[in-house]
Amino acid sequence: MTGGGAPGRRRHAEHVMGTVVSFDVPARAGEPRGEGPLGQAVRWLHWVDATFSPYRDDSDVSRLGRGAVPLAECAPELAEVLDACAAISVRSGGYFTTTPGGTLDPSGYVKGWAIERAAAIFTAAGSAEHSVNGGGDVQCVGSRMWRVGIADPLRPGRLALVVAGQDFAVATSGVAERGAHIIDPYTGQPPAGLASITMVGTTLAETDAFATAAFAMGSAARDWVEGLDGYEAFAITAAGATWQTSGFGAYLG
Amino acid sequence: MRRVILAVTGTIAGLVALLSFKSHVPSVPVAATTGGSGGTSSSSSSSSGGQTTTVPGEFPQGSLAGKLPAGETAVDGKAANTAYGPVQIQLIEQNSKIVKVAVLVQPANTLHDIQIGAFAFPKLISETIAAQTAKIDAVSGASYTSAGYIQSLQSALDKRA
């Protein structure tokens, strides 16, 4: 699934991690199965899937979760991810958790982290302008104004608004596509109040995890995000009303 | 071209969702057909036979192919079967932008169908046009599944050619 795009650009959609990861990269990034940065990024994402998927019995996450191996025998990236998750759990007052369903599942961090790293592969290879979209969570790299449409959770197929920024990350959590897959760890129920919340930040790993935590918080997320340096949020409530944090207006496209 | 067809699919999916709110079962079979020439798909897959029906509405009924000024081309969407009959629309493109829409086939079994058609087609069509003119690089939304991606706006972006 590789499309054309603007001259000198390459678009590619890779089915991985239970979703589709869309690349908008320089054409010289090469082929998805080649040796260039596009191939490297694609192989990286499949490795992350094989290592971190809670749905694969033989992944490091599954084996660690059921006590079959100690952390020291897992890929070193797993310890790195769990440390980052612990820090985000603290910063979110426990609303972000690596055990949302009772068993080890750091997916709420892993996807954004994997996409952010995939984008970094292109930067390291000399690209100054690229974006990688992991199933609706986007890392944009480059000084041009990137325009990211925010899907309207209440009207599928439509955009609620467009955000614009340079070198930024946009992540949305909500009920739009997968149903109620985020659980409030304090009640064990899907959070009430929000249909979706979009977080804008610099790097996708944290931005995506914060969006997950914010969605679980519901309306309380507004005050929480106001207190986070470098992050802004836009939310659509289940009733169709919207709110945004005080600095969000700078991103309106 | 492929992008436009995906947009048509999205519009039809939205329309089918709207139609699904209806509670009655149609009693009269529908076979509204057109001579959709110049498009990539012209299958108006009515399975029920019956008479050709013309439906009132704001949008041109029937194919505009052959009636277009220079620079405009017609692309037929794929016919979608709904519980209330087949649905098919035609997009008129100019410089790869949708500038007009014609309705090739829509359900017209009852007065209720006609009312829904008059309401839903203009709304969905204007949204399709709005989405493509937003000039976006990517779409952020709650995670889609691998299957859901097919109908996503991001998928339409990825297909840009």
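## Sheet across the two chains

In this predicted model, three strands form an open sheet in the order S7(A)-S6(A)-S5(B), and the pairing is mixed. The edges are taken by strand S7 (159–165) of chain A and strand S5 (138–140) of chain B; each has a single partner strand, so one side of each is left without a neighbour in the sheet. Ignoring direction, neighbouring strands here are turned by 30° against each other on average.

Within chain A, strand S6 (residues 146–151) pairs with S7(A) in the antiparallel sense, over six bridges. In this pairing, Ala151(A) stands opposite Leu159(A) of S7(A).

## Helix H4 of chain A

Helix H4 of chain A covers residues 107–124, which is 18 residues. From first C-alpha to last it reaches 25 Å, close to the 26 Å expected at 1.5 Å a residue. Just after H4(A), Gly126(A) takes a positive phi of about 105°.

Buried residues of H4(A) include Tyr109(A), Trp113(A), Ile115(A), Ile121(A) and Phe122(A). Lys111(A) is also one of the buried residues of this helix, as is Gly112(A). The cover over the buried residues of H4(A) includes helices H1, H3 (76–91) and H5 (204–217) of chain A, and strands S3 (19–26), S4 (130–134) and S5 (137–141) of chain A.

## Ser59 of chain A

Ser59(A) lies in the loop between H1 and helix H2 (60–65) of chain A. Is this residue, Ser59(A), buried or exposed? Its relative accessibility is 0%, so Ser59(A) counts as buried.

The side chain of Ser59(A) reaches the backbone oxygen of Ser53(A) at 2.5 Å. With neighbours within four places in sequence left aside, Ser59(A) is in contact with Ala50(A), Thr51(A), Phe52(A) and Ser53(A).

## Confidence

Chain A has an average pLDDT of 91, with 93% of the residues scoring at least 70. Among its elements, helix H1 (residues 37–52) of chain A has the highest mean pLDDT, 98, and strand S1 (residues 2–3) of chain A the lowest, 52.

For chain B the average pLDDT is 56, and 27% of the residues score at least 70. S5(B), which is part of the sheet order given above, has the highest mean pLDDT among the elements of chain B, 86. Helix H1 (residues 2–19) of chain B has the lowest, 44. Over residues 1–58 of chain B, pLDDT stays under 50, and the model has 117 contacts beyond four places in sequence for this stretch.

For the complex, the predictor gives an ipTM of 0.87 and a pTM of 0.69.

Notes: Residues numbered from 1 in each chain as written. Chains lettered and ligands numbered in written order. Predicted model: local features only at pLDDT ≥ 70, side-chain atom pairs only at ≥ 80, totals over all residues. Heavy atoms only, no water. Pairing = 2+ DSSP bridges. Helix = DSSP H or I, 4+ residues; strand = E, 2+ residues; numbered from the N terminus. Axes fitted to C-alpha atoms, helices over the stretch in contact; angles between N-to-C directions. pLDDT = per-residue confidence, 0-100. Buried < 20%, exposed > 50% of the residue type's maximum accessible area, 1.4 Å probe, protein only. Polar contact = N/O pair within 3.5 Å; in protein donor to acceptor, adjacent residues only side chain to side chain. Contact = heavy atoms within 4.5 Å. Expected span 1.5 Å × (residues − 1).
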